[in-house]
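Me: I have a model open on my screen and would like to understand one part of it properly. Could you choose a good place for a close look and walk me through it slowly, linking it to its surroundings as you go?

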Amino acid sequence: MPRNNSKTTNRSGHVTGVRTKPLVAVIMGSKSDWETMRAASDTLKNFDIAHESRVMSAHRTPQLAADFADNADSRGLEVIIAAAGGAAHLAGVMAAHTTLPVLGVPMTSALNGLDSLLSTVQMPGGIPVGTLAIGKAGATNAALLAIAILANKRPELKAKLREFRVEQEKKIKETTLY
Ligand code: C2R
């Protein structure tokens with residue numbers, strides 16, 4: 001697919017990047033997860049990673065979720081980030097339908113996200129889901145981990161990731177509390 005420098009918007013109307021061919025998919029079980037998952041999208045945007053953000057559910061739209069994961073590899077996606085809360089089966093179902101790396105982000109829930117965490121992380125041996133922290137930290141780190149995966153074959157991205165760490169360290173060292 002040709003490079004396209006015009007901004008693209010997804011079905012929810014969110015600007016998703018400056019290329020049409022996404023490398024990372026940020027999938028969430030409900031639009032109510034977006035407030036948290038925006039952190040993943042923003043982090044990917046900061047690294048200029050073409051990505052798409054979409055709502056689909058292993059429970060409520062099972063066929064769509066299965067088809068999405070089945071076709072992800074052939075569409076050129078390299079990493080799937082899947083966020084869900086409560087009985088969080090989305091990341092596991094994604095992982096069952098693709099050999100692409102799937103990063104699961106447990107959403108906060110009626111049980112403070114513990115149910116989401118356990119149902120995302122406790123996969124049976126053979127179908128891995130790389131599970132991040134509950135909530136916004138997990139959303140940010142899922143994006144950073146996706147970038148680290150992409151960076152293995154993209155030296156310029158690895159350099160950006162190192163630069164990010166240096167900046168982060170600098171900011172913390174410069175922090176004053178009064
Ligand atoms: P609503 O706010 O739409 O009622 O959703 C969503 O991720 C959300 O956190 C409540 C929660 O249900 C979750 N959900 C799942 C799945 N689909 C939706 N856990 C799934 O397929 O695992």
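Reply: Happy to! Let's begin with the contacts: among those in the chain with a separation of 6 or more, 65% are between residues 24 or more positions apart. Please keep in mind throughout that this is a predicted model. The chain has 178 residues, and 38% of them count as buried. Its secondary structure comes to six helices and seven strands, and from the N terminus on the elements run β-β-β-α-β-α-β-α-β-α-β-α-α.

The part I would pick is the open sheet of five strands. Its order is 4-3-5-6-7, and the pairing is parallel. Strand 4 (51-55) and strand 7 (130-131) are at the edges; each has a single partner strand, so one side of each has no neighbour in the sheet. In general, strands of a sheet pair through backbone hydrogen bonds, in either a parallel or an antiparallel sense. Let's go through the pairings here.

Start with strand 3, which covers residues 24-28, and five of its five residues are buried. It helps to recall that side chains in a regular strand alternate between the two faces of the sheet. In strand 3, V24, V26 and M28 point one way while A25 and I27 point the other way, and all of them are buried. To follow the chain onward, trace it from strand 3 through helix 1 (residues 34-46) to strand 4; this β-α-β crossover is right-handed. Strands 3 and 4 run parallel and are joined by five bridges. A handy residue to click on is A25, whose bridge partner in strand 4 is E52. A25 also has a bridge partner in strand 5, namely I80. Five bridges, again in the parallel sense, pair strand 3 with strand 5, and one more partnership to look for is that of M28 with A83 in strand 5.

That brings us to strand 5, residues 79-85. Seven of its seven residues are buried, so strand 5 is largely enclosed by the rest of the structure. You can check this face by face: V79, I81, A83 and G85 lie on one side, I80, A82 and A84 on the other, and all are buried. From strand 5 the chain passes through helix 3 (residues 90-96) to strand 6, making another β-α-β crossover that is right-handed. Strand 6 spans residues 102-107, runs parallel to strand 5 and is joined to it by six bridges. I80 has V102 as its bridge partner in strand 6, and the partner of A82 there is G104. Since I80 is also the partner of A25, you can step from A25 to I80 and then from I80 to V102.

Now look at what sits against strand 5. A143 is in helix 5 (residues 136-151), and among the residues A143 touches is I81, which belongs to the covered faces of strand 5. A143 also touches A40, T43 and L44. The C-alpha atoms of A143 and S41 are separated by 7.4 Å, although these two residues are 102 residues apart along the chain. Is A143 buried or exposed? With 29 C-beta neighbours inside 10 Å, A143 counts as buried; the cut-off for that is 20 or more.

The ligand brings us back to the sheet. It is surrounded by 17 residues, and the closest are G29, S30, S57, A58 and G85. G85 is a residue we have already met, on one of the faces of strand 5. By class, the shell around the ligand is made up of seven nonpolar, eight polar and two charged residues.

For contrast, finish with two loop residues. D48 is in the loop between helix 1 and strand 4, and N112 is in the loop between strand 6 and helix 4 (114-121). D48 has 12 other C-beta atoms within 10 Å and is exposed; N112 has 11 and is exposed as well. Their backbones deserve a glance too: phi of D48 is near 55 degrees, a positive value in a residue other than glycine, and for N112, likewise not glycine, phi is positive and near 60 degrees.

Note on methods: Residues are numbered from 1 along each chain as its sequence is written. This is a predicted model: local features need pLDDT of at least 70, side-chain atom pairs count only at pLDDT 80 or more; totals for chains, interfaces and linings use all residues. Two strands pair if DSSP finds at least two bridges between them. Helices (H or I, at least four residues) and strands (E, at least two) are DSSP runs, numbered from the N terminus. A residue is near a molecule or strand if its C-beta atom, placed from the backbone, lies within 6 Å of it. Ala, Val, Leu, Ile, Met, Phe, Trp, Tyr, Cys and Pro count as nonpolar, Asp, Glu, Lys and Arg as charged, and the others, Gly among them, as polar. A crossover is right-handed if, with the strands pointing away from the viewer, the path from the first strand over the helix to the second runs clockwise. Two residues are in contact if their C-beta atoms, placed from the backbone, lie within 7 Å. Lists of a residue's contacts leave out its neighbours within four places in sequence.
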